[in-house]
Amino acid sequence: MSKSRYLQITAYVMLAVLLGFVLGINHDCSRLNGRSQEGYSGADTLDIGVIYGPGGYYMYQDTIAGINKDIAEAFSKDNGVPVKLWPINEASEGMEKMEKGAFDILASLPLDNSIKKRFLVSESIFLDKLVLVQMADSATGDKKINSSLDLDGAVVYVAAGSSGVNRLKNLSEEIGGKIDVRESEEISDELLCLQVAMGQIPMAVVNERIAKEISKNYPRLQYANIISFTQFQVWLFNPSDSTIYNTFNSWFDNFRLTDSYRAILQKY
């Protein structure tokens, strides 16, 4: 073989190696463009974003607990599929990351039409309600708001993206008055409750489970006023991946009939 021929073959080999390296990088980048680096755990692991808050997912005395955590672990065990949970502070953040491909599943949100337009949704995982939280008078124990009619002219805070926003706007029309609805960006229901308890805001509409849990540490925090009807808490799935969605729904149809599921609901 001539020297020039040898050099030509060597150049082709080096070019092929370099091309393979570049294509490998592009392949990895394309995977991460479809799913952000936060949340991406690999093909064999389901990434589940879980919205942080009492009842659904929370930490108590250095222990992680919650309905969504326990159901995710049950699904993982029964199906032999590893899962990784990623805590999310607020619903809007979780939905944005879902649409960017960071998670396979987002748990959990109250079902409404806006969610159904953007994602595949599971059957109801558990039931919940929206309540108005406010502080009772320290001397008399009286509340400023005792019925929906008292909300005329009131300033009420609610997490951005919450179903409580539309509910309060509809309630304004029902009472024939004006409720000053203020959406709080990047603030969870839990933080809204704490802000009410510390006197930073007058009142807020939050998830009943969260209000109930936080009121244990703030006895004057009242949440007796129910703002919405019973809400169906659901898990969200990417529309492009119906396989995971169908697998979960099929499993949950059976799991909800078991003693294990009933034990989870009773636990929380």
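In this predicted model, helix 5 is the main contributor to the lining of the second largest pocket, giving 3 residues. That pocket has a volume of about 240 Å³. It is lined by 12 residues, and those closest to its centre are Leu111, Asp112, Ser163, Arg167 and Gln231. Two elements give two or more residues to this lining: helix 4, which spans 113-118, and helix 5, which spans 163-175. Sorted by class, the lining of the second largest pocket holds 7 polar, 3 nonpolar and 2 charged residues.

The largest pocket has a volume of about 310 Å³. Its lining is made of 14 residues, of which Gly55, Arg209, Lys212, Glu213 and Tyr268 are the closest to the centre. Strand 7 (126-128) and helix 7 (208-214) each supply at least two residues of the lining of this largest pocket. Helix 7 gives the most, with 4 residues. By class, the lining of the largest pocket counts 8 charged, 4 nonpolar and 2 polar residues.

From the pockets we turn to the nonpolar interior. The largest nonpolar core has 23 residues, and the members that touch the most others are Ile71, Trp235, Phe248, Trp251, Phe252 and Phe255. At least two residues of this core come from each of strand 1 (46-51), helix 2, strand 5 (105-110), strand 13 (231-237), helix 8 (242-255) and helix 9 (259-267). Helix 8 supplies the largest share of the core, 6 residues.

The surroundings of Ile71 can be followed residue by residue. Leaving aside neighbours within four places in sequence, Ile71 is in contact with Trp235, Phe248, Trp251, Phe252 and Phe255. The contacts of Ile71 also include Ile125, Tyr261 and Ile264. Apart from the largest core lies another one, of 16 residues, with Tyr157, Ala159, Ile201 and Ile214 among them.

Helix 2, one of the elements that supply the largest core, runs over residues 67-79 and also contains Lys69. Is Lys69 buried or exposed? Lys69 has a relative accessible area of 14%, and it counts as buried because the cut-off for that class is under 20%. Which residues does Lys69 touch, not counting those up to four places away in sequence? They are Gly56, Tyr57, Ile64 and Leu85.

Key. Residues numbered from 1 in each chain as written. Predicted model: local features only at pLDDT ≥ 70, side-chain atom pairs only at ≥ 80, totals over all residues. Heavy atoms only, no water. Buried < 20%, exposed > 50% of the residue type's maximum accessible area, 1.4 Å probe, protein only. Contact = heavy atoms within 4.5 Å. Core = buried A, V, L, I, M, F, W, Y, C linked by side-chain atoms within 4.5 Å. 1 Å grid on protein atoms, 1.4 Å probe; cavity = no way out; pocket = protein on both sides within 12 Å on 5 of 7 lines; lining within 4 Å. Points joined across faces, edges and corners; volume = space filled by probe spheres on them. Nonpolar A, V, L, I, M, F, W, Y, C, P; charged D, E, K, R; others polar.
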